[in-house]
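This briefing is intended for reading alongside the sequence and the three-dimensional view. Please keep both at hand while going through the points.

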Amino acid sequence: MGLLNMHSVIPAVRNMKEFEQALASSQEVIFLLEGELIQLQGIVSSAKRAGKKIFLHLDMVRGIKEDEASIHFLAKAVKIDGVISTRTSSLIHAKKYGLKAVQRGFLIDSHSVKTIIHSASHVQPDFIEILPSYSHPKIGIIQRETGIDIILGGFIDGPEDLPPLFAAGAIAVSTSNANMWK
C-alpha cells in the first residue's frame with residue numbers, strides 16, 4: 001500500500017474551489033482532473049505546502065501533451081507526484097520519470113475487462129482506477145489477474161455507497177463529492 005491507506009477517499013477536483021476544499025481535508029492524495037498548464041505550478045506548490053500528494057489527469061488538463069517531454073517537465077519542473085491516464089504510453093513515461101502511475105479504465109463490457117488487464121500487464125501501473133464504481137462486481141477479476149490495487153470512481157454519491165465498493169476489494173475511491181472528503 002504505502003501511498004494510500006486502505007479505504008481512502010480521494011478528492012477528485014475540477015476547479016480551484018474544489019481544490020481549496022481538498023487542501024483543507026484530511027486526505028493525503030488529490031486527483032486533479034481538470035485545469036490548465038499555467039495553473040499547475042501554483043497548484044502543486046499549494047498541495048506540497050499542505051502536505052498533499054497531487055496526481056494529474058493527463059488526458060484532461062489543457063496545455064499538456066501526453067508525450068515524454070511533457071511528462072518529464074511535469075516530473076522534474078512542476079514536481080507532481082503521479083499521473084492518471086487511459087494512455088499506456090503516458091503511464092510508461094510517468095514511471096520512467098519516477099512518478100506514480102494510475103491506469104484509468106472504463107468498464108463497459110467484458111472486452112474492456114480484458115483490455116484493462118492486458119494494458120496493466122504491459123504498464124505495471126501502481127494503481128488501476130476503474131469507472132464507473134457500480135462496476136465493482138468485476139474488479140476482483142482485474143485485481144486477481146494483475147495483482148494491482150484498485151481504485152473505484154464515478155457515481156459515488158455518499159458514504160452509504162462505500163461499503164459494497166470496499167467489500168468488493170477496492171483499496172480507495174475517488175470522488176468529486178466534497179462532503180465525503182472530511
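The points below move from the overall fold to one helix, one residue and one strand.

The structure is a predicted model, in which local features need pLDDT of at least 70 and side-chain atom pairs count only at pLDDT 80 or more, while totals for chains, interfaces and linings use all residues. Residues are numbered from 1 along each chain as its sequence is written, and side-chain values use heavy atoms, with hydrogens and water left out. At the centre of this account is a closed barrel of eight strands with parallel pairing.

**Overall dimensions**

- The protein contains seven helices and 10 strands, taken as DSSP runs numbered from the N terminus (helices: H or I, at least four residues; strands: E, at least two).
- Its radius of gyration, taken over C-alpha atoms, is 15 Å, close to the 16 Å that the globule rule gives for 182 residues, so the protein is as compact as a globular protein of that length. The globule rule is 2.2 Å times the number of residues to the power 0.38.
- The C-alpha trace spans about 40 × 35 × 25 Å along the principal axes.
- Of the 182 residues, 52% are buried (buried: under 20% relative accessible area; exposed: over 50%; partly exposed: in between; 1.4 Å probe, protein chains only).

**The barrel**

- The strand order is β1-β2-β4-β6-β7-β8-β9-β10, where two strands pair if DSSP finds at least two bridges between them.
- From one strand to the next, the twist averages 25 degrees.
- Strands β7 (residues 100-106) and β8 (residues 127-131) run parallel and are joined by five bridges; Gly105 has Ile130 in β8 as its bridge partner.
- Helix α1 (residues 16-24) lies across β1 (8-13), β2 (29-32) and β4 (53-57), at about 155 degrees to β1. Such angles run from 0 to 180 degrees between N-to-C directions, with axes fitted to C-alpha atoms, for helices over the stretch in contact.

**Helix α6**

- Helix α6 (residues 139-146) lies across β8 and β9 (149-153), running at about 150 degrees to β9.
- Ile139, Gly140, Ile142 and Thr146 are the buried residues of α6. They lie on the same side of the helix because they cover an arc of only 165 degrees around the axis, the arc being that of the directions from the helix axis to the C-beta atoms.
- The cover over these buried residues includes α5 (110-123), β8 and β9.
- Arg144 and Glu145, on the other side of α6, are exposed.
- Gly147 follows α6 and has a positive phi, near 75 degrees.

**Leu152 in β9**

- Leu152 lies in strand β9 and is buried, with a relative accessible area of 0%.
- Leaving aside residues up to four places away in sequence, Leu152 touches several residues, including Ile130, Ile139, Leu165 and Val173 (contact: heavy atoms within 4.5 Å).
- The C-alpha atoms of Leu152 and Asn177 are separated by 14 Å, with these positions 25 residues apart along the chain counted as their spacing.

**Strand β10 and barrel closure**

- Both faces of β10 (residues 172-175) are covered, with Ala172 and Ser174 buried on one side and Val173 and Thr175 buried on the other. In a regular strand the side chains alternate between the two faces of the sheet.
- β9 pairs with β10 in the parallel sense over three bridges, and Gly153 has Ser174 as its bridge partner in β10.
- β1 also pairs with β10 in the parallel sense, over four bridges, and Val9 stands opposite Val173.
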